[in-house]
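Subject: The structure for you to look at

Hi there,

Here is the structure I promised to send over. Please open it first, and then read on for what turned up in it.

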Amino acid sequence: MKAPAFRYARPESLDEAIALLVQHGTDARVLAGGQSLMPMLNLRLLQPSVLIDINRIPGLGEITPHAQGIEIGAMARHAAVLYSREVAQAAPLLALALPHVAHLAVRNRGTHGGSCALADPSAEIPACALALDATFVLRAAGGERRVPAREFFRGLYETALGPDELLVRVDYPRAQAGWRYGFDEVARRHGDFAIAGLAAAARLEGSVLREARLAFFGIADRPILLRAASREEARARIEEVEVAGTSVYPAAYRRRLMGVLLERVLRTIAK
Amino acid sequence: MREPRARFQAVGQPLPRAGTRRLIAGRGRYVDDIALPRMLHAAFLRSPYAHARIVQVDLARARAAPGVLAVFAWDDLQAVVRPWQTRSAAFPGLVSPPQSPLARGRSAWQGEPVLVALGETRAAAEDALELAEIDWEELPAAVGLERALAPQAPAVHPGLADNVAWSKETLGGDPDGAFTGAALVVETDVRLARMTGVSLEPRGLVADWDPAGQVLTVHYSHQMPHQMQAHLADFLGLSADRVRVVVPDVGGGFGVKMHVYPDEIAAIACAVKLARPVKFIADRLESLASDIHAREHAVRARMALDAQGNILGFDVDHRHGGGAYSVFPRGSPVESSAALHLVGAPYRFAHFRGRLKIALQNKAMTGQYRSVGHPIAVVVTERLVELAARARGEDPLVLRRRNFTPPGATPYLNGAGQRLFGVSHEACLQALERLADLPRVREEVKAARAAGRALGFGVACYVEMTATGAEAYGKAGVPVSAADSVSLSVELSGALRCAASVTEIGQGVTQAVAQAVADGVGVPVERVSVHTGDTAQVPHGGGAWASRGAAIGAEAAWLAARRLRGNILAAAARLLGADEESLELHEGTIVDPRGESRLELSELAHIAAFRGYEFPEGFQPQLSVMHHYRRSKDLFLPANGVQAALVEVDLDTGLVRALKHWAVCDCGRVLNPLLVEEQLRGGIVQGIGEALYEELRYGEDGHLETGTLAEYLVPMAAEMPDIAVAHVQTPYEGSSLGAKGAGEAGAAAAPAAILNAVNDALAAHGAALKALPITPTAVLEALGK
């Protein structure tokens with residue numbers, strides 16, 4: 001199939017992009033890396049009247065470390081984030097997760113902001129943002145607002161982004177001493193959307209888990225954050241989650257995988 | 001003409017394919033690369049329902065859409081094209097109503113073409129279809145295999161008493177006696193899900209009707225140009241000589257591209273009706289929904305053995321979900337019929353009962369996908385063999401060896417009616433034991449299990465019936481050619497130009513043909529060019545199916561080459577005043593008995609072209625030949641082999657990982673080991689896909705749930721194991737080259753090897769699987785988790 005006709009705008013600045021968003025509202029779609037949007041257009045699942053291509057806006061893809069953390073611009077490509085030494089130091093969980101994001105060709109085009117703004121429930125980066133308590137910076141005509149990850153993801157392909165807002169960057173707090181990170185997912189083939197996955201941040205004393213932020217993905221309409229002060233509590237929390245299933249991967253299977261992932265990730269973290 | 005002993009120089013050598021250089025450099029020309037002036041693009045509106053009546057169609061808005069020349073329903077096309085109906089004397093009583101290019105008042109499967117739009121662009125055509133208004137009245141659909149065959153099932157087509165498309169019962173020997181007197185009977189039921197071929201390049205064509213010359217040219221991504229030439233002439237009421245089918249570079253066929261598809265015929269009919277070129281390229285959604293599907297088999301099988309562990313016979317009850325129609329022209333029973341009769345093929349047995357029932361369903365048609373039927377038979381047989389060995393407490397390889405059909409040229413006729421000769425099971429198994437270093441693999445499995453990992457090793461022996469003879473389709477009244485023709489000429493440069501009726505679809509058959517020609521004439525292989533695919537340029541023949549390129553196509557080329565060689569030497573002898581018997585043709589040079597160069601082939605060609613008077617009075621050199629070859633005995637050439645798989649099952653997640661795969665194949669004389677090995681690897685990858693990933697799932701209402709490659713999982717490089725290959729060669733004695741088919745053998749045994757390996761891993765945990773693909777949830781369910 002081919003995409004239906006749409007108008008194409010390529011703003012050169014953030015202000016121009018936001019003016020276009022204000023003008024077109026829900027009729028517009030923002031084109032970043034296009035790795036999900038273009039297939040959706042070609043499948044005619046989306047039929048926007050305007051495509052706003054933000055690829056030429058200067059500075060949107062920058063990765064900026066600072067004392068408290070690291071800012072990842074919305075247009076930063078997955079590959080750039082994956083191979084960034086600063087990201088590996090400030091937010092090591094991202095470096096663990098990104099090799100699981102699709103394949104090389106997709107990672108070369110796909111963007112950090114695009115993945116978050118799309119909010120596919122099986123995507124890796126939203127789960128990492130949740131586990132790391134990242135902050136989403138949204139720009140509108142009136143200025144910027146900051147939305148914490150736990151409030152950003154609202155449901156299946158649903159976020160806190162308003163129709164006249166643009167996600168400009170994601171701010172990650174710097175990894176704290178004593179915290180360790182782990183990532184794993186279960187998929188039939190490498191690069192597939194996960195049947196279930198876990199992005200985890202954990203504080204251990206020796207090999208004893210003291211505090212954990214466990215972001216499970218692929219198991220509900222959005223990534224789900226579980227906080228636990230012990231391994232036992234984490235296991236108990238998994239039982240409380242409302243897990244979504246399909247005929248191929250029923251909820252019970254996904255819940256089982258959550259337990260398997262918890263054990264595997266915690267084992268890796270404790271090493 | 002004397003026939004000096006053939007010396008193989010190029011034949012048997014692992015020469016890289018000359019044609020790939022062009023493809024790698026981006027100079028390939030696939031059908032979608034072809035653009036003709038005034039060309040329109042066809043897009044189809046397909047039935048959203050598995051079964052529905054078309055109450056009313058309003059095309060006014062669609063036809064008014066910008067950039068759209070026409071929107072047609074069936075009524076608009078019937079003046080130029082007629083429907084077709086699948087009939088075969090091989091399947092008497094087959095129920096398959098007539099098919100038309102566009103639905104006639106009713107759709108019988110989701111994805112059936114209903115309307116066609118012709119636009120300046122594909123996008124414009126698709127836009128127009130969104131404006132077409134159709135009132136549908138949904139009808140009850142028969143979808144699942146068992147449910148379609150149930151007594152109260154909705155009729156797939158109106159007026160049918162039941163949904164049985166075809167059934168048969170076949171008997172060999174005394175199965176009742178064999179099972180009554182058996183010391184051991186093992187039993188299994190096996191299910192194989194629907195899947196399809198997924199060629200990298202989808203189906204597609206550009207059709208061009210020339211009303212002035214009254215000639216239809218169709219550039220067609222297809223395996224059989226001559227077959228389509230005949231069908232198109234038939235459907236469009238043209239003489240076949242007015243239809244030219246041109247097959248450009250093809251990105252894979254796998255059996256998908258050898259049938260008649262309604263959408264393709266509709267697009268061609270539009271080109272005739274509008275007298276403008278029309279392009280139709282199936283996209284991936286259309287491919288998954290409307291390419292022929294394969295499999296959807298449910299088999300219940302028993303095997304009887306005597307007290308010494310000799311196989312006595314099989315009793316097989318086979319059900320097959322055929323889809324809404326039987327694929328034209330071969331018929332959908334080909335796959336299940338082959339599967340039924342191939343049960344037990346590697347082994348001696350005298351008694352057989354087979355029952356087959358094929359269901360009509362409100363689903364896409366099933367047809368012949370790579371290794372037609374064989375993978376099903378191998379899964380059934382090799383599962384039973386493993387069960388029997390376990391029940392007897394013996395090594396399954398010992399049980400296999402005891403029962404192998406004998407080697408040698410004398411045919412062995414088994415209880416299921418298969419005629420087997422020239423097979424080499426024991427030699428292949430020994431080669432596998434060396435290739436895989438079996439004791440080391442067994443140690444590896446043992447050590448891994450001790451460390452808590454669930455590794456499994458599985459073996460599958462197989463027979464692949466290749467290079468089908470003329471009696472199969474000829475006697476069935478189906479115009480599918482089992483012969484091949486080759487025209488071969490000496491060009492002025494001394495190079496050879498070969499036009500062959502085999503079709504190059506990416507498998508490299510032109511390289512095998514070139515090597516046969518090079519040796520047959522006596523020129524370097526680089527001096528041979530092979531041209532295929534254009535019915536206006538190449539002589540009539542079968543094309544690409546049934547692993548026939550080497551056994552039939554290359555044999556035809558070899559025979560043509562030997563004749564041309566004779567003609568060349570006869571001409572040279574006249575010119576040189578030498579004794580014809582004393583001359584040889586070596587590396588493109590005519591040499592005398594001492595090996596002294598006497599005449600270059602290019603010089604001979606020049607003399608023939610420009611200075612023919614130098615020949616003796618009355619002599620006319622014939623530096624071109626045409627040769628037709630049809631094997632006159634042996635309906636099939638049985639190739640055989642064995643595969644083994646090492647897998648790891650993740651007992652927590654249910655995921656299966658293929659760790660290593662081994663294949664030993666005896667396809668007779670190997671014309672080019674690189675070609676054979678890559679055919680095997682490709683087939684094995686498709687077999688691993690069948691075993692672990694691929695499934696076309698329909699909902700109960702007949703809605704295809706795996707309509708994109710996000711849901712329909714194909715095997716990907718990252719998950720594929722290393723595949724080691726070895727050859728055993730038992731040349732076919734009835735031909736000069738001795739080649740049998742190799743193109744499908746990889747796919748034949750890989751699913752069974754994987755299934756046996758997974759079950760080996762699970763046996764220690766008391767679990768077993770018997771359905772493909774092996775899903776993680778099925779693994780956990782079998783483990784009771």
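In what order do the strands of the open sheet in chain A stand, and is the pairing parallel or antiparallel? The order is β1-β3-β2, with 3 strands in the sheet, and the pairing is parallel. Before going further, please keep in mind that this is a predicted model.

**The open sheet of chain A**

The edges of this sheet are taken by β1 (7-9) and β2 (28-31) of chain A. Each of them has a single partner strand, so one side of each is left without a neighbour in the sheet. From one strand to the next, the twist averages 25 degrees. Looking at one pairing in detail, β2(A) is joined to strand β3 (residues 50-53) of chain A by 4 bridges in the parallel sense. Within that pair, A:R29 is found opposite A:L51 of β3(A). Helix α1 (residues 14-24) of chain A packs on the sheet and touches β1, β2 and β3 of chain A. The direction of α1 makes about 165 degrees with that of β3(A).

**Chain A as a whole**

Chain A has 11 helices and 14 strands. Its radius of gyration is 18 Å, close to the 18 Å that the globule rule gives for 271 residues, so chain A is as compact as a globular protein of that length. Along the principal axes, its C-alpha atoms fill a box of roughly 55 × 45 × 30 Å. Of the 271 residues, 46% are buried. If you count contacts between residues at least 6 apart in the sequence of chain A, 59% of them join residues at least 24 apart.

**Domains of chain A**

The domain assignment splits chain A into domain 1 (7-53), domain 2 (63-173) and domain 3 (179-270). Between domain 2 and domain 3 of chain A, the C-alpha centres are 20 Å apart. Contacts between these two involve 23 residues of domain 2 of chain A and 20 residues of domain 3 of chain A. On the domain 2 side, the elements giving two or more residues are α5 (92-97), α8 (124-131) and β8 (153-155) of chain A. The most comes from α8(A), with 6 residues.

**A hairpin in the open**

Strand β6 (residues 135-140) of chain A runs antiparallel to β7(A), and 6 bridges join the two. They form a hairpin with 2 residues between the strands, and A:R139 sits opposite A:E144 of β7(A). Is β7(A) in the open or buried? The number of buried residues among the 6 in strand β7 (residues 143-148) of chain A is 0, so this strand lies largely in the open.

**The nonpolar core, and a strand pair in chain B**

The largest nonpolar core has 354 residues, and those with the most contacts inside it are A:L93, B:L115, B:V513, B:V517, B:A557 and B:I754. Helix α17 (residues 549-576) of chain B gives the most to this core, with 16 residues. Leaving aside residues up to four places away in sequence, A:L93 touches A:C128, A:A131, A:L132, A:Y181, A:F183, A:A199 and A:A201.

Also in chain B, strand β20 (residues 496-500) runs parallel to β21(B), with 5 bridges joining them, and B:A500 is opposite B:T532. The side chains of strand β21 (residues 528-532) of chain B alternate: B:V528, B:V530 and B:T532 point to one face and are buried, whereas B:S529 and B:H531 point to the other and are not.

Happy browsing, and best wishes!

Technical notes. Residues numbered from 1 in each chain as written. Chains lettered and ligands numbered in written order. Predicted model: local features only at pLDDT ≥ 70, side-chain atom pairs only at ≥ 80, totals over all residues. Rg over C-alpha atoms; globule rule 2.2 N^0.38 Å. Buried ≥ 20, exposed ≤ 12 C-beta atoms within 10 Å, placed from the backbone. Contact = placed C-beta atoms within 7 Å. Pairing = 2+ DSSP bridges. Axes fitted to C-alpha atoms, helices over the stretch in contact; angles between N-to-C directions. Core = buried A, V, L, I, M, F, W, Y, C linked by C-beta atoms within 7 Å. Domains from an automatic or database assignment.
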